[in-house]
Amino acid sequence: MSSQGAVVIVGSGQAGGRAAEALRQGGHTDRITLIGDERHAPYERPALSKEFLNSAAADKLAWVRPATWYADSGVTALHGRKAVAIDQERSVVELDQGSPVEFHTLILTTGARPRQLTVEGADHPLVSYLRTIDDSQQLQQRLSPGASVVVIGAGFIGMEVAATAVSRGCRVTVLELAGLPMARATPAQIGAFYADFHRRKGVDLRVSTAVERITDEHGRALVHTTGGDPILADAVVVGIGVVPNIELAHTAGLETDNGIVVDEYGRTRNPRIYAAGDVTSHFNSLLGRHIRLESWQNAQNQAIAVARNILGAALPYAEVPWFWSDQYELNLQIAGLPHVADQIVRRDAPGGGAAVLYFHLRERRLAAVVGINSARDVRFGKEIIAMGGSPSATELADPAVTLASLYAAVKRSAQAA
């Protein structure tokens, strides 16, 4: 596809910002319009539950580009504006106010929104979600020393918020419907480790517990559960997953299925409409199927890949999924998809210590690596997964056999094939 023609990007989060940046850096000279309902320039979201939540200082945020870059680069940024419709025949995006914006190529980076709690009292003023800068700033003001904080949902966001609240001197209770924290994304061994670690830090983690309702108690929130006495809270944070923002695409007649369905190049069935980031269900040739990912890596790299394909690269986007979470002094990293494994191998750090690795094999091939304080090894494991490597369970379990050497062996084997 030609690099010329107006490009409209709907969604001004990390993926939208990276797409605009990659288009300009790649030589696109025509108009670029970036539309987003937030009032801020594009930024990365991980800090919202960690560093920024702890201090709410702007220097804790990772901005895709300084706010002045967009105008300086000829990118029209429409902040605080909402796209309400896409007319495929006329090639225009309708806005909530103002004239329609015409496009030659459209990129949808509409992201996802927090799944809403639906129990009675979920609209209590002290109940909040965490997705934007404004959300994080508001919550940070409630995390004063001694405050009682209830976190509903023990996924990555919930456990990161719990760790941050503890570091600020709050009393924290986490309520989780499943039997372990982070159960959807991590193996049981990791969930059990983190459950114990949080409890030793003082978190009251209650698993297999549902929220029944929330009532008001003299201006504070009283959280009623299936597992004991109600909990009085100064802040209630809900982290029970996200929902992809597919409505705009679906109403326009584009294919949606747990996300906007795109091919390996990021294209919808309309070859002039692409999508990237959390909202996409994209075909991944490494995995042989469509997948939707909620991760920093995917938001950035898929957006860049889409921009390059619009400029004519014609290169499939296929990466090993990678996730990470910082909680207290622990760095958790996951490469691949652990839940597809039929064998799990554990490797402990030489001489003990907090570092540990879990290797997930499927039909003897490495399918995923989960590591705590083991970033370098996870990086090598990710490369082995990408090459379809099959190191033995014995090698993987032995701390004396480095991941770097296993990667080198797999690489030599691939080159010789």
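## Tour of a predicted model

Start with the sheet. Five strands form an open sheet in the order S3-S2-S1-S7-S19, with parallel pairing. Keep in mind that this is a predicted model.

Select the edges next. Strand S3 (75-79) and strand S19 (273-275) stand there, each with a single partner strand, so one side of each is left without a neighbour in the sheet. Look along the sheet: the twist averages 15° from one strand to the next.

**The S1–S7 pair**

Select residues 7-10, strand S1, together with residues 105-108, strand S7. The two pair in the parallel sense over 4 bridges. Show Val10 as sticks; Leu108 in S7 stands opposite.

**Helices on the sheet**

Add residues 14-25, helix H1. Helix H1 packs on the sheet and touches S1, strand S2 (32-36), S3 and S7. The direction of H1 makes about 160° with that of S1.

Now add residues 296-310, helix H8. Helix H8 also packs on the sheet, touching S7 and S19. Here the direction of H8 makes about 160° with that of S19.

**A glutamate in a loop**

Select Glu38, in the loop between S2 and helix H2 (51-55). Is Glu38 buried or exposed? With a relative accessible area of 15%, Glu38 falls under the 20% cut-off, so Glu38 counts as buried.

Which side chains make polar contacts with the side chain of Glu38? One is that of Tyr43, at 2.7 Å. Another is that of Arg45, at 3.1 Å.

Widen the selection around Glu38. Leaving aside neighbours within four places in sequence, Glu38 is in contact with Tyr43, Arg45, His79, Gly80, Thr132 and Ile133. His79 lies in strand S3 (75-79), one of the edge strands.

**The nonpolar cores**

In soluble globular proteins, nonpolar side chains tend to be buried together. Go to the largest nonpolar core, which has 42 residues. Select Val149, Val172, Val174, Ile190 and Leu332: these have the most contacts inside this core. Then colour residues 156-167, helix H5, which gives the core its largest share, 5 residues.

Centre on Val149. Which residues are in contact with Val149, leaving aside neighbours within four places in sequence? They are Leu143, Cys170, Arg171, Val172, Thr173, Ala235 and Val237. Val172 is also among the residues with the most contacts inside the core.

Finish at a second, separate core of 24 residues. Select Ala20, Ala41, Val64 and Ile107, which are included in this second core. Ala20 belongs to helix H1 (residues 14-25), and Ile107 to strand S7 (residues 105-108).

Technical notes:
Residues are numbered from 1 along each chain as its sequence is written. This is a predicted model: local features need pLDDT of at least 70, side-chain atom pairs count only at pLDDT 80 or more; totals for chains, interfaces and linings use all residues. Side-chain values use heavy atoms; hydrogens and water are left out. Two strands pair if DSSP finds at least two bridges between them. Axes are lines fitted to C-alpha atoms, for helices over the stretch in contact, and angles run from 0 to 180 degrees between N-to-C directions. Contact means heavy atoms within 4.5 Å. Buried means under 20% relative accessible area, exposed over 50%, partly exposed in between (1.4 Å probe, protein chains only). A polar contact is a pair of N or O atoms within 3.5 Å; within protein, one must be able to donate a hydrogen and the other to accept it, and residues adjacent in sequence count only if both atoms are side-chain atoms. A nonpolar core is a set of buried Ala, Val, Leu, Ile, Met, Phe, Trp, Tyr and Cys residues joined through side-chain atoms within 4.5 Å.
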